[in-house]
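Dear colleague,

Please find the sequence and structure below, followed by some notes on the sheets.

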Amino acid sequence: MFDFLKKQLIDNIEWLETPGQLAWRVPFADHEIRNGAQLTVRDGQITAFVNEGQLADYFGPGLHTLDTANLPLLTDLQHWDKGFKSPFKSDVVYFTLKEQVGRKWGTAQPITVRDAEFGAIRLRAFGSYSFRIEAIDPFIKRLFGTMSELTVASLEPQLRAAIQTAIATALGSSGIAFLDLAANQQRLSDTIKVEVDKAFAQWGLSCPTFYVESISLPDEVQAHLDKGSEMRVIGDLSRYTQFQAAEAIEAASHQDGGMAAIGAGVAGAAVLGNVMAQGLAPAGAAAQSDPFEQIERLHKLLTMGALSQAEFDAKKVELLARVK
């Protein structure tokens with residue numbers, strides 16, 4: 001009988017946490033805590049005594065002897081006499097205060113924002129963040145409750161949902177055009193972090209670090225933007241011709257044939273530049289030329305890969321419409 005009773009009394013309480021654990025309730029079952037029991041709290045941990053869902057006393061890192069002297073709030077809640085010496089029951093919950101680093105976030109669906117240059121656009125974003133427990137009381141009431149354990153993996157979906165909402169709010173009010181986001185990525189990260197901190201605070205969490213690593217447009221919009229960039233690059237045909245000639249000289253210098261090869265390369269670049277200048281001339285100038293000659297020039301561009309089939313077909317229809 002003595003051995004049985006001895007097993008029902010808790011003499012030592014400690015938590016050897018494993019990676020990914022945030023909070024753990026000591027599984028006492030029908031056991032009672034012996035008056036004078038030892039409580040071990042390691043660095044980066046905090047322990048709370050909870051009475052019927054109400055937070056009572058805290059203990060930081062160190063070795064603590066439990067009695068009514070250092071459990072004043074629990075003593076009051078239990079209506080114990082100050083000289084109470086009997087074993088007692090209470091929920092004991094350990095929390096880790098360590099920063100949970102290297103967490104990843106991303107937008108499951110594109111976020112629609114209003115851009116200064118493009119109007120309404122849909123953006124995807126990805127990055128990393130960290131979080132830690134900052135305030136025990138809201139953490140217990142809003143997240144932990146009566147659970148026996150809470151892990152990072154089980155909490156992260158809720159945190160990522162809050163981050164996505166914060167991103168939509170921050171992007172909508174940042175005033176940074178999409179084309180300038182890359183140059184202002186740190187500013188954007190700081191702006192979003194402010195909104196993330198507000199969301200996390202309701203659960204007793206803080207967000208020490210938040211980084212935006214990538215922001216992208218949907219594939220079809222990005223393809224259109226790339227096409228526009230290409231056309232702007234070749235917009236100055238004289239410079240494009242000079243560039244092609246320089247490329248031809250560079251390529252020929254590594255081939256057999258000496259100056260003959262270089263001359264042929266330069267001539268080819270000049271022809272390409274001339275064809276492009278004629279094929280992509282303004283509508284007014286094109287109208288003065290034979291439409292069939294224009295189509296022939298455009299076909300050369302198509303053959304060389306300077307025009308896509310769709311671009312060639314559209315221009316061809318336009319030129320044939322001028323034939324009477």
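Strand 3 (residues 32-41) pairs with strand 6 in the antiparallel sense, over four bridges, where strands are DSSP runs of E with at least two residues, numbered from the N terminus, and two strands count as paired if DSSP finds at least two bridges between them. Within this pair, Thr 40 stands opposite Leu 63 of strand 6.

This is a predicted model, in which local features need pLDDT of at least 70 and side-chain atom pairs count only at pLDDT 80 or more, while totals for chains, interfaces and linings use all residues. Residues are numbered from 1 along each chain as its sequence is written, and side-chain values use heavy atoms, with hydrogens and water left out.

Strands 3 and 6 belong to an open sheet of three strands, whose order is 1-3-6 and whose pairing is mixed. At its edges lie strand 1 (9-13) and strand 6 (62-65), each of which pairs on one side only. On average, neighbouring strands of this sheet are turned by 10° against each other, direction ignored; the axes behind such angles are lines fitted to C-alpha atoms, and angles run from 0 to 180 degrees between N-to-C directions.

There is also an open sheet of five strands with antiparallel pairing, in the order 5-4-7-2-11. Its edge strands are strand 5 (54-59) and strand 11 (149-151), and each pairs on one side only, while the twist from one strand to the next averages 20°. Strand 2 (residues 21-25) runs antiparallel to strand 11 and is joined to strand 11 by three bridges, with Gln 21 standing opposite Thr 151 in strand 11.

With best regards
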